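Q: Could you walk me through reading cores and pockets in a model like this one?

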Amino acid sequence: MSARTNLPVGLEAIRAKGWFGAHRYLVLRRFSQAFFLGLFLLGPWFGIWWVAGTLAGSRTFGVLPLTDPLVLLQSLAAGHLPELTALVGAIIVLAVYALVGGRVYCSWVCPINPVTDAAHWLHDRLGLQKGWQPKRSARLWVLGSVLVVSALTGTIAWELVNPVTIVHRGLIFGMGFAWVVVAAVFLFDLLVSRRGWCSHICPVGAFYGLVGSKSVLRVSAANRAACDDCMDCYAVCPENHVISPALKGKPGDTPVILSPDCTNCGRCIDVCAVDVFAFTRRFDQRVREAAKPAADVPSEYAA
């Protein structure tokens, strides 16, 4: 519920901008997630091999190599020297995510994101408690552990349990055990830890957060003077601790959300009825000033 208005989250935005205007980036994200997953399934399902491989490593149109840099890093830790194409593919992916924000992967590409979003939606509808909330640094410890295990076992350790990889294989060879993994992630976020998987556990999110720590694409609260404290942006943000420094900053503080935890999902833009937020560049420090009230007009001059 909106703290100021006691209205359901996003209802004010729907009234102000219409349903699509209040869900624009959410709809685009779902389309993006389906699009990328569909590209990888065109070959196995329909024999159209525009993209061969998985999110871990692929080749597009038989020319463009793309490699998950975390997979490459695990491979190096395991003592395996990658081929040149794998190195080139990893550099390309790193460059893209370093530019647009590493955790864009989490909100715009990862096929597990709709599962965790659904768990959060149901969590709110049922009015459940936050549950266990490990420190956000926990995912960095998990990331470090993944690299250590890879070094000790000589394997690409995370790919053995990565829900994204398991679901991808399941869609090709039959879901079976993959449903167990999906259910486990869903129930973890629903019953154990609200937004726990993406915000506290997943090492992929931790890795891409580090990659995009200096990215150019950012969300800005440039119109923060218009904020009416409805709190809807906090309610929908998967990493809501990133909002306050930009939204509630003192005069002269940057309105740009600079935290690498931000996923650039755009939901804060969607649900804000007064258009406080917008996508911009990290160097854009502009802040809109509050609208000045009209000066009192003497009654003899009033229309």
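The dialogue below takes up the core and then the pockets.

A: Happily! This is a predicted model, where local features need pLDDT of at least 70, side-chain atom pairs count only at pLDDT 80 or more, and totals for chains, interfaces and linings use all residues. Residues are numbered from 1 along each chain as its sequence is written, and side-chain values use heavy atoms, with hydrogens and water left out.

Q: Which residues touch the most other members of the largest nonpolar core?

A: A nonpolar core joins buried Ala, Val, Leu, Ile, Met, Phe, Trp, Tyr and Cys residues through side-chain atoms within 4.5 Å. Here the largest has 44 residues, and Tyr-105, Trp-197, Tyr-208, Ile-243, Leu-247 and Phe-277 touch the most other members. Helix α11 (residues 203–211) gives the largest share, five residues. "Buried" means under 20% relative accessible area (1.4 Å probe, protein chains only).

Q: How is empty space found, and how much lies in the largest pocket?

A: Rolling a probe the size of a water molecule over the atoms shows where empty space is left. A pocket is an open set of points on a 1 Å grid where a 1.4 Å probe fits, with protein on both sides within 12 Å along at least five of seven lines; lining residues have an atom within 4 Å of a point. The largest pocket holds about 1,000 Å³. Among its 42 lining residues, His-120, Asp-124, Arg-195, Ala-235 and Val-236 are closest to the centre. α6 gives the most to this lining, nine residues.

Q: What lines the second largest pocket?

A: Its lining has 22 residues, with Phe-36, Leu-55, Leu-66, Val-93 and Tyr-97 nearest the centre. α4 supplies the largest share of that lining, five residues.

Definitions and conventions: Buried < 20%, exposed > 50% of the residue type's maximum accessible area, 1.4 Å probe, protein only. Helix = DSSP H or I, 4+ residues; strand = E, 2+ residues; numbered from the N terminus. Points joined across faces, edges and corners; volume = space filled by probe spheres on them.
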